[in-house]
Amino acid sequence: MDDNHLGDFLRTRRAGLRPEDVGMASYGVRKVAGLRREEVAVLAGVNADYYTRLEQGRERNPSPQVLEALSGALHLDAGTRAHLYRLAGAAPNDRPSGHAAERVSPALRQLMDGYPNTPAFVMSRTLDILAANALADALYAPFEPSDNLARMTFLDPAGRHFYTDWDRAAQATVANLRHATGFDPEHPRLRELVRTLTEHSADFARLWNAHTVRGKTQDAKRFLHPDVGPLTLTYQAFDVRDAPGQQLVIYHAEPGSPSAQSLNLLGSIHASWRQPEPRPHR
């Protein structure tokens, strides 16, 4: 992974804006796409040399006032603005205190198991699946193993078949993983995962370099499961308050829909597979 996260982010966002997007006139021939550094500096009301140092990584601690000005100049939405602050180390209480192995509390595991008719799992910021209920295990059964959503999407052959709209799923996955860099860009697990994915997937490398950021909240997804066919499910993601960085993700199908029937069938199929064989009578 690169170590100039703030500069790379600023440069990518600048390249995605045109003068007309920000109400500026365009003069002269532009050799590269997007705004010039001097134009961003003018929009933000900062010194052009100072902004250049930010992009080049020679200045890494901008004030909250500068970050706010840059957020406006680059037309950042709320989520991307928060990411910028975290990259600059200006968001309080966002970084974890250590890199110990993550554990899911017994109470949360019990809660997930109490929802037998809907897939539920807990994941980390790096998209590792830390715990799952039986129906989530059944949903992700095509993957071997079902350990990390990014690895499953890009490196497991099942991913291209499982996600009906693979391109959309891939973009969302990388945007979710990019979101993690704002909290702890030097996290060993994050560095290892990105290195592996970059080395083995050109698609991941291309999307990673786009610096698109998005956290998980809610969305609809379409799957093609080998046991029950097409599934359209909506998910909700909830922060786990006593374990910062963990999220509880719950999928559900529209009641009475074909997907709801298929989800019930999936649960029945995998429940029967887990039943122990009857012992022979003596």
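**Questions on helices, rings and a pocket**

Student: In which loop is the place of H211?
Tutor: The structure above is a predicted model, and everything said here describes that model. The elements that flank H211 are a helix, with residues 202-208, and a strand, with residues 218-225. The place of H211 is therefore named after these two neighbours, and is the loop between α12 and β3.

Student: Is H211 buried or exposed?
Tutor: The backbone of H211 has a phi near 60 degrees, a positive value in a residue other than glycine. The relative accessible area of H211 is 7%, and the cut-off for the buried class is under 20%. Because 7% falls under that cut-off, H211 is buried.

Student: How does H75 count by its relative accessibility?
Tutor: H75 is found in the loop between α4 (64-73) and α5 (78-87), and its phi is near 55 degrees, a positive value in a residue other than glycine. The relative accessibility of H75 is 45%, and the class between under 20% and over 50% is the one that applies. H75 therefore counts as partly exposed.

Student: What is the omega of the peptide bond from E144 to P145?
Tutor: P145 is found in the loop between α7 (134-139) and α8 (149-154). The peptide bond that leads from E144 into P145 is cis. The omega of this bond is near -5 degrees.

Student: Which elements are included in what covers the buried residues of α3?
Tutor: Helix α3 spans residues 48-56, and its buried residues are Y50, Y51, T52, L54 and E55. The elements that cover these buried residues include one with residues 5-15 and one with residues 37-44, together with a further helix. Among the covering elements, then, are α1, α2 and α4.

Student: At the start of α3, which residue has the backbone nitrogen that a side-chain oxygen of N47 reaches?
Tutor: The other side of the helix can be mentioned beforehand: just after α3, G57 takes a positive phi of about 85 degrees. At the start of α3, the side-chain oxygen of N47 comes to within 2.8 Å of a backbone nitrogen. That nitrogen belongs to D49.

Student: How far apart in space are A69 and L43, C-alpha to C-alpha?
Tutor: A69 lies in helix α4, and with a relative accessible area of 23% it is partly exposed. In sequence, A69 and L43 are 26 residues apart. In space, from C-alpha to C-alpha, their separation is 8.0 Å.

Student: Is the aromatic pair of F121 and Y140 stacked or edge-to-face?
Tutor: The count of aromatic pairs comes to 14, and in the pair of F121 and Y140 the centres are 5.8 Å apart with 80 degrees between the planes. F121 lies in strand β1 (residues 120-123) and Y140 in the loop between α7 and α8, so the pair ties together parts that are 19 residues apart in sequence. F121 is buried at 2% relative accessible area, and Y140 is buried at 4%. Planes over 60 degrees apart belong to one class, so this pair is edge-to-face.

Student: How many residues apart in sequence are the parts that Y163 and F223 tie together?
Tutor: The rings of Y163 and F223 have centres 5.9 Å apart and planes at 55 degrees, so this pair is tilted. Y163 counts as buried at 4% relative accessibility, and F223 counts as buried at 1%. Y163 lies in the loop between α9 (158-162) and α10 (166-181), whereas F223 lies in strand β3, so the parts tied together are separated in sequence by 60 residues.

Student: Over the ring of which residue does the charged end of R178 sit?
Tutor: One arrangement of this kind involves R86, whose charged end sits over the ring of F183, 4.0 Å from its centre. The charged end of R178 likewise sits over a ring, and its distance from the ring centre is 3.8 Å. The ring under R178 is that of W208.

Student: Which element gives the most to the lining of the second largest pocket?
Tutor: The second largest pocket has a volume of about 390 Å³. Its lining has 20 residues, of which the closest to its centre are R125, H179, F183, D239 and Q247. With three residues, the element that gives the most to this lining is α10.

How values were computed
Residues numbered from 1 in each chain as written. Predicted model: local features only at pLDDT ≥ 70, side-chain atom pairs only at ≥ 80, totals over all residues. Heavy atoms only, no water. Helix = DSSP H or I, 4+ residues; strand = E, 2+ residues; numbered from the N terminus. Buried < 20%, exposed > 50% of the residue type's maximum accessible area, 1.4 Å probe, protein only. Contact = heavy atoms within 4.5 Å. Polar contact = N/O pair within 3.5 Å; in protein donor to acceptor, adjacent residues only side chain to side chain. Phe/Tyr/Trp six-rings, centres within 6.5 Å; stacked < 30°, edge-to-face > 60°. Lys NZ or Arg CZ within 6 Å of the ring centre and 35° of its normal. 1 Å grid on protein atoms, 1.4 Å probe; cavity = no way out; pocket = protein on both sides within 12 Å on 5 of 7 lines; lining within 4 Å. Points joined across faces, edges and corners; volume = space filled by probe spheres on them.
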